[in-house]
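Trainee: Please take one part of this model and go through it closely, with the cut-offs stated as they come up.

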Amino acid sequence: MTKQSVHDLAQAWIDYHRLSPSEANGGQLVSAWEALDALVRDQPEVAWPIIQQLWMLDPSDRILALIAAGPVEDLLCHHGPDFIGRIEQLANQDAVVRKMLGAVWGQSRMVDDVWRRLKAVAGPSF
């Protein structure tokens with residue numbers, strides 16, 4: 001994906017979550033959510049820069065919580081061992097990332113080691 005397409009998909013994902021369900025119904029915004037969801041599952045290396053773009057575009061509490069409970073949690077459930085080191089590194093460098101990680105509340109299908117490492121670098125729940 002180009003830098004522009006990463007930005008555009010991330011922006012559409014955020015716009016989808018900023019709107020009411022009736023405003024976001026259908027079209028490009030729903031497609032952005034579905035596209036990122038599929039990328040997280042099937043092409044995590046493509047999804048990762050998009051996920052990073054999300055918190056850079058909108059570090060508000062609401063969007064950070066949605067990122068944490070959505071694509072970040074799903075990424076760690078499906079591909080945690082491959083990504084937890086990168087997430088730890090970012091969390092050690094960036095307070096926004098630490099804060100966002102505090103909103104990953106449930107271990108769900110995450111392996112124990114990934115969950116433990118995540119909680120070690122995450123900020124407090126919000």
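Mentor: Apart from neighbours within four places in sequence, Val40 is in contact with Ala47, Ile51, Pro71, Asp74, Leu75 and His79, where contact means heavy atoms within 4.5 Å. The model is predicted, so local features need pLDDT of at least 70 and side-chain atom pairs count only at pLDDT 80 or more, while totals for chains, interfaces and linings use all residues. Residues are numbered from 1 along each chain as its sequence is written, and side-chain values use heavy atoms, with hydrogens and water left out.

Val40 lies in helix 3; helices (H or I, at least four residues) are DSSP runs numbered from the N terminus. Because its relative accessibility is 1%, Val40 counts as buried, the classes being buried under 20% relative accessible area, exposed over 50% and partly exposed in between, with a 1.4 Å probe and protein chains only. One of its contacts, Ile51, is 11 residues away in sequence and 9.0 Å away in space, C-alpha to C-alpha.

Ile51 also belongs to the contact between helix 4 and helix 5. On the helix 4 side that contact includes Trp48 and Trp55 besides Ile51; on the helix 5 side it includes Pro71, Leu75 and His79. Its residues divide into 13 nonpolar, two polar and two charged; Ala, Val, Leu, Ile, Met, Phe, Trp, Tyr, Cys and Pro count as nonpolar, Asp, Glu, Lys and Arg as charged, and the others, Gly among them, as polar.

The two helices pack at an angle of about 125 degrees, with axes 10 Å apart. Axes are lines fitted to C-alpha atoms, for helices over the stretch in contact, and angles run from 0 to 180 degrees between N-to-C directions. That angle makes helix 4 oblique to helix 5, since angles under 35 degrees count as roughly parallel, over 145 as roughly antiparallel, 65 to 115 as roughly perpendicular and the rest as oblique.

Ile51 and Trp55 are also among the residues with the most contacts inside the largest nonpolar core, which has 40 residues. Such a core is a set of buried Ala, Val, Leu, Ile, Met, Phe, Trp, Tyr and Cys residues joined through side-chain atoms within 4.5 Å. Helix 5 gives the most to this core, with 12 residues. Met100, another of the residues with the most contacts inside the core, touches Trp55, Leu64, Ile67, Ala68, Val72 and Phe126, not counting residues up to four places away in sequence.
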